[in-house]
Every structure is written in C-alpha cells, then in structure tokens.
Amino acid sequence: MVDLRVDLAGITLDNPVIPASGTFGYGYEFAELYDINCLGTFSFKGTTKEPRFGNPTPRIAECSSGMLNAVGLQNPGVEKVISEELPKLKKCFHKPVMANISGFSVEEYAYTCSLLDKVEQVGWLEVNISCPNVHCGGMSFGVSPEAAAGVTKAVKAVTKKPVFMKLSPNVTDIAAIAKACQDAGADGISLINTLLGMRIDLKTKKPLLANGTGGFSGSAIFPVALRMVYQVYEAVDIPVIGMGGVSSAEDVIEMMLAGAAAVEVGAANLVEPFACRNIIGQLPGVMEKLGIQSLKDIIGGAHHG
Amino acid sequence: MKQVLYSIAENRLLAPDVWEMRLNGDTSAQTAPGQFVNIRLDGFFLRRPLSVCDWDASGLTIIYKVVGKGTAAMSQMTPGQTLDVLCGLGNGFDVDRCGARTAVIGGGAGVPPMYGLAKKLLEAGKTPIALLGFNTAGEVFYEEKFRELGIETVVTTVDGSYGAKGFVTDALPESFDFYCACGPLPMLKAVYSAAKTSGLLSFEERMGCGFGACMGCSCKTKYGNKRICKDGPVLEKEEIIW
C-alpha cells in the first residue's frame, strides 16, 4: 500500500490534492457531483472584507492550453461567508478547509483574517497578495518584499492558524518575496497565482476581456509554476504549496519533486469537474509505477544529489 | 449535471454555418427545455456551451453556429465519433410558469431551444405560438419543424426576403398571455420592451466552467447576483437589470 498522506503545517492531509481558490466556489457545488471528503482539503473562493460583484463581463477568454480570467474577486464578503457559506459547507465537508483571503489594504487583510481565525472549520489561511494596494497607487502587495512582509506580519498578529502567503508570479524575483514572507513569520508559501495575460478579439479589434487583462491559468503555465516552486523551495525552510497548470497525477508528483508539500489544482476543475477526484484516484497507480512508497518522501526530491 | 460520453449519430448542415448534431447517450440529466450542454473538444481548453434543441430517452439534438475554431472543428466531426459532454446544465424554461398561450420567440442561434420548449408546452396542454427571427431568407432553419408540431409559426427576416419583414417585435402575436425568448441581446431587449405580459428570457455569456464554479458569467439582477450558467440562463422578466 502506498502512502498518500502529507503534513501541511501540522495538519495531516489524506493526500496532497487541494482544489485551488476560485475554481471550487465554497465547495458545495462540487459536493453535488462527488464526495469532496476525498480531497486533502480545498481552498475556498477568495474572500474580502466587503462583498464584491467583481469585474464586468466578459470575464473569461480561452488560450492555447489555458484560459484567462478577470472575475475580480466576486464574493459575498467575509461576514456572509462565515454566516452562510461555511455552515452550508460543513454539511458536506468534514475536514479543515483552507480560507483564501484577499484585501486592498493591510488593515482589510488583518480584519478578514481575524474573523476567519475564529472559525473552527478553517485549518489554514491562504493570503492572496496579488491584489492591488489602494494605498500604494494600486501596486500589488505581491511585487515587493517589503509590502509582502507587511501583510504577513499584520495577518500573523491576528491569527494562531497557519498562514500561507500566496505569491504572484508577475515579479522579477519570486524567491526574494518568499523569503521576506518567511522572515515576517509566514508558516508556508503558496504559488503561483495566475500570470497576467491578454487576448484581443480579431473582429472587434478590442481586448476580449472587459477588464482588458486577466490571469492566465491552465496546463500551459505548468512549467513556469514548476520552476518557481523549485526556486522558492531552495529559498525557504517553510512548506510550499505548488500550483499552476496541474491537471494529472503525474503533474502532482512533478510538483512535489520540485518542492511542493501539497499541490493545488485550479483551472482543471473548470473543464473537468471530476479532475481532483480523478487525480486522487490515479495517484496510487502512478506512484507504484514510479516506485514511490510515500509521497512525503519525494518532496523536493529533484533538489537532492 | 451529469458527465456523459455521447456518440455522434448525425451532423448535418441546416443553413450557412448552422449545423444540427444528433448525439446518442444518457439524457437523464436533461430535465427542462432551455438547458444546455458543455462539450469538450480535442485541442481546445474550455468546453463549448450549447443549448439543447430537443431530446428523448435515447439522445439529444443540438444546433450550433460556426463562430470560431471550436465550432468549426465540431462541424468536421462524423457519425460514430464520441464527445465528452456535461449534460443538464442551467435552469431552463419552467413550463409550469408559462401561460395557456405562450409566445415562443427565437432569434437566429436562439431558435433551437425554443423548439424543445414548444414541444414541452404542447405536452403540458398549452398552446405555443412560434415567432422565429432571422436576418435573411438563406439563414432560415427549423421553420418546418415548428410547423410539423401543428402550431402557429411566424417567421420574420430583417431584410424582408422571407416571411414578414422586420424584427420579431414587428410580428408579435395579437393575443398571448406569456412569452419565452432566446436570441441576441438587442432582440431580448426589444422583446422585453414590446411585450406587455410576463415572460422568461434566456441569456448568453462567455463561460468558464458552465456549472457555477468559476463566477465567469455573473450578472446583476433585482433578485441579487446570478450566474448565467447555473442560476440562468433563463431569467424572469421581472428580475432583469439591463
């Protein structure tokens, strides 16, 4: 029997497969399709202090082996998430869930995290720092080590739950930002968020997305994500959650060899609603074929010797 | 929603760039006219959402317009090939809400789901009146299929080359107590303004997943934010914010 269990900042996951935020709602849509308790955990829809409708439509565009999205963090706001979404989720998911948090100021991050800190269902906080900082000309928190560290410190001050900082790949040195988050007290790093992209409609000669630009995800970005996970693993001593274009059991293993302690699956859920269940089902067979007894043992395996 | 592997039974050209595809397989997830399927195509990342025209226990019919590379690839498919399809998506038209005399209004690529709706209205003992709008005579399809149902059927063309000249709103039936409409946004707006009765309107939007997960197709309504794919594509007249 192969062993799929991994440890994520002190909590054991039955397997390393985690649906990524924004591709799995608050879980219960997928619970109508399959028993989502087969998942390691999942990262729920990016939640902000205030309710947000998000961007105008079209919010979605297709690319070769991937897609762009400019949803714009649509969510009902943290209070409704706690009072309505999480109780609904509790009925169909009996494991700790990962709370994904966004904000537009350090104070907003801290406020949202302080409320989610009190929710027993929440096992980890995953803090998305790709959002623009309204107090800093709209520059993303995730592009400077100082801003990333500032959010990390503010969040760590209001929670005892493990905090994973989710990094943007749209930076020159992602390892430096990961290191700054670690030094500011982060318990782990999640990466990568989407790559900034664009498509133009040949008929209208205008951007396909109403927002102009959007986040590029899907299997096309896997090699970029893998490279960044590899670099961040070398730069930090805290666990890394790898994501970006993962769509198979083989991809999960590759991510773990690069240094991921757990692996998120994003866009694949949108085209194949059973993607995570299928990947979990295929992992034991792929492990046996590759002579892997325990997934724990392969984390960062590509770095050794 | 159900994931079904369908076998293509037929794929034929109905009008320029408009194709009818018959798919054989499990249709148990398809429960209302106006629902749609989301089709996986080799070489394309996102599935293609297409409304269901008609269905029975053994399969379903979709009609699609070639508008891009994905639908162009579909038009080259041949009987016997299989398709990975998410079936039974969206709310569809609520036949119980429709009136005894319901105007069934379709425009162009919005015509297909109205055929299945007309059939279900007949089964429910109601009288559908079909109003089908096209740009020009060469684009007209499915008129005979509606007539075969034995229902009053009016065709309009914008250029007047076939049927009544003008838009569907120029040919609204004299008496109807409810309407259902599917077509391009300007047509839906025009019907919304012209028809005095209550009604149901089916909307289109670029979708990511098609089953409510990604928030790619959200819209604001008087009843709150809705996802066209999951809470729609059919919205009540009373809730629409243009």
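Colleague: What makes the largest nonpolar core a core, and which residues have the most contacts inside it?

Modeller: A nonpolar core is a set of buried Ala, Val, Leu, Ile, Met, Phe, Trp, Tyr and Cys residues joined through C-beta atoms within 7 Å. "Buried" takes 20 or more other C-beta atoms within 10 Å of a residue's own (12 or fewer is exposed, in between is partly exposed; C-beta atoms are placed from the backbone). The largest set of that kind has 176 residues, and I189(A), V229(A), A260(A) and V263(A) have the most contacts inside it. Helix α6(A) gives the largest share, 8 residues.

Colleague: Good to know. What sort of model is this?

Modeller: A predicted one: local features need pLDDT of at least 70, side-chain atom pairs count only at pLDDT 80 or more, and totals for chains, interfaces and linings use all residues. Residues are numbered from 1 along each chain as its sequence is written, with chains lettered from A and ligands numbered from 1 in the order in which they are written.

Colleague: Why are α6(A) and α7(A) called roughly parallel?

Modeller: The axes of α6(A), residues 222-235, and α7(A), residues 249-258, come within 8 Å and cross at roughly 30°. Angles under 35 degrees count as roughly parallel (over 145 is roughly antiparallel, 65 to 115 roughly perpendicular, the rest oblique), so this pair earns the label. On the α6(A) side, the contact uses F222(A), L226(A), V229(A), Y230(A) and Y233(A), and α7(A) brings D251(A), E254(A), M255(A) and A258(A).

Colleague: And why is α5(A) said to be largely enclosed?

Modeller: Well, 7 of its 10 residues (174-183) are buried, so the rest of the structure largely encloses α5(A). K179(A) and Q182(A) are among those buried residues, as are I174(A) and I177(A). They pack against α4, β8, β9 and α6 of chain A. Just past this helix, G185(A) has a positive phi of about 110°.

Colleague: How do you know that β5(A) and β13(A) pair?

Modeller: Pairing needs at least two DSSP bridges between two strands. β5(A) and β13(A) have 3, in the antiparallel sense, so by that rule they pair. At one of the bridges, N69(A) has G215(A) as its partner. The open sheet runs β4-β5-β13-β10 in chain A, with antiparallel pairing. What makes β4 and β10 edge strands is that each pairs on one side only.

Colleague: How many residues of chain A are in contact with chain B?

Modeller: 26, and they meet 22 residues of chain B. Contact here is C-beta atoms, placed from the backbone, within 7 Å.

Key:
Two residues are in contact if their C-beta atoms, placed from the backbone, lie within 7 Å. Helices (H or I, at least four residues) and strands (E, at least two) are DSSP runs, numbered from the N terminus. Axes are lines fitted to C-alpha atoms, for helices over the stretch in contact, and angles run from 0 to 180 degrees between N-to-C directions.
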